[in-house]
Amino acid sequence: MLPHAMRYNLEVAAGPLRLVAEAMRVDGRGLSDLQAAQCAIEAIETLQQAIDVLRRLRDTKLDRAQLRAVAEHTMLDRGLYFNPRTTRSVDAVMKLLESAW
């Protein structure tokens, strides 16, 4: 889920995501925050592949039919308050979950 969530927040959190790129030892010299943030996402995806972790929701035991319920529950989760991007609808969460499917 992490790279998908990073992409979801990309436009409002490029600066902080640039720090992820730096932590992943991405050479961000000459890159905009947005470009460096995109490199951070790629670095996380590379790491996930290298350590063989599941990267798609379809590869878990989650039934696709449950995505709507997960999205609805997410809207009630207090952690959403701390997300960099304001999320006001179940449909926005569904879009994120579908991208991770």
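Asp52 counts as exposed, at 67% relative accessibility. Asp52 sits in the loop between α3 and α4 (67-76). Its phi is positive, near 60 degrees, and Asp52 is a residue other than glycine. Most residues other than glycine have a negative phi. The model described here is predicted.

Arg25 also has a positive phi, of about 65 degrees, although it is not a glycine. Arg25 belongs to the loop between α2 and α3. With 78% relative accessibility, Arg25 counts as exposed.

**Overall build**

The chain has 5 helices and 0 strands. In sequence order the pattern is α-α-α-α-α. The C-alpha trace spans about 45 × 30 × 20 Å along its principal axes. Of the 101 residues, 30% count as buried. Take the contacts between residues at least 6 apart in sequence: 55% of them join residues at least 24 apart.

**Cores**

Which residues make up the largest nonpolar core? There are 10 in all: Met6, Leu10, Ala13, Ala14, Leu17, Ala21, Ala37, Ala40, Ile41 and Ile44. Two helices, α2 (14-23) and α3 (33-50), each supply at least two residues of this core. Helix α3 gives the most, with 4 residues. Another core lies apart from this one. That other core has 8 residues, including Leu67, Leu97, Ala100 and Trp101.

Ala21 is a member of the largest nonpolar core. Leaving aside neighbours within four places in sequence, Ala21 is in contact with Val26, Ala36 and Ala40. Ala40 belongs to the largest core as well.

**Packing of α1 on α3**

Helix α1 (residues 2-9) packs against α3 at an angle of about 170 degrees. The two axes are 9 Å apart. The angle therefore makes α1 roughly antiparallel to α3, since angles over 145 degrees count that way.

From α1, the residues in this contact are Leu2, Pro3, Met6 and Arg7. They meet Ala40, Ile41, Ile44, Glu45 and Gln48 in α3. By type, the contact residues divide into 6 nonpolar, 1 polar and 2 charged. Met6, Ala40, Ile41 and Ile44 also appear in the largest nonpolar core.

**Met24 in the loop**

Met24 is placed in the loop between α2 and α3. Is Met24 buried, partly exposed or exposed? It counts as partly exposed, because its relative accessibility is 30%, and values between 20% and 50% fall in that class. Not counting residues up to four places away in sequence, Met24 touches Ala43, Ile44 and Leu47. Met24 and Cys39 are 15 residues apart along the chain, and their C-alpha atoms are separated by 9.4 Å.

**Aromatic pair**

How many aromatic pairs does the structure hold? It holds 1. The ring centres of Tyr81 and Phe82 are 5.0 Å apart and the ring planes stand at 90 degrees, so the pair is edge-to-face. Tyr81 counts as exposed, and Phe82 counts as exposed too.

**Accessibility by residue**

The residues discussed above are listed here with their values.

| Residue | Relative accessibility | Class |
|---|---|---|
| Met24 | 30% | partly exposed |
| Arg25 | 78% | exposed |
| Asp52 | 67% | exposed |
| Tyr81 | 70% | exposed |
| Phe82 | 60% | exposed |

Notes:
Residues numbered from 1 in each chain as written. Predicted model: local features only at pLDDT ≥ 70, side-chain atom pairs only at ≥ 80, totals over all residues. Heavy atoms only, no water. Core = buried A, V, L, I, M, F, W, Y, C linked by side-chain atoms within 4.5 Å. Buried < 20%, exposed > 50% of the residue type's maximum accessible area, 1.4 Å probe, protein only. Contact = heavy atoms within 4.5 Å. Axes fitted to C-alpha atoms, helices over the stretch in contact; angles between N-to-C directions. Parallel < 35°, antiparallel > 145°, perpendicular 65-115°, else oblique. Nonpolar A, V, L, I, M, F, W, Y, C, P; charged D, E, K, R; others polar. Phe/Tyr/Trp six-rings, centres within 6.5 Å; stacked < 30°, edge-to-face > 60°.
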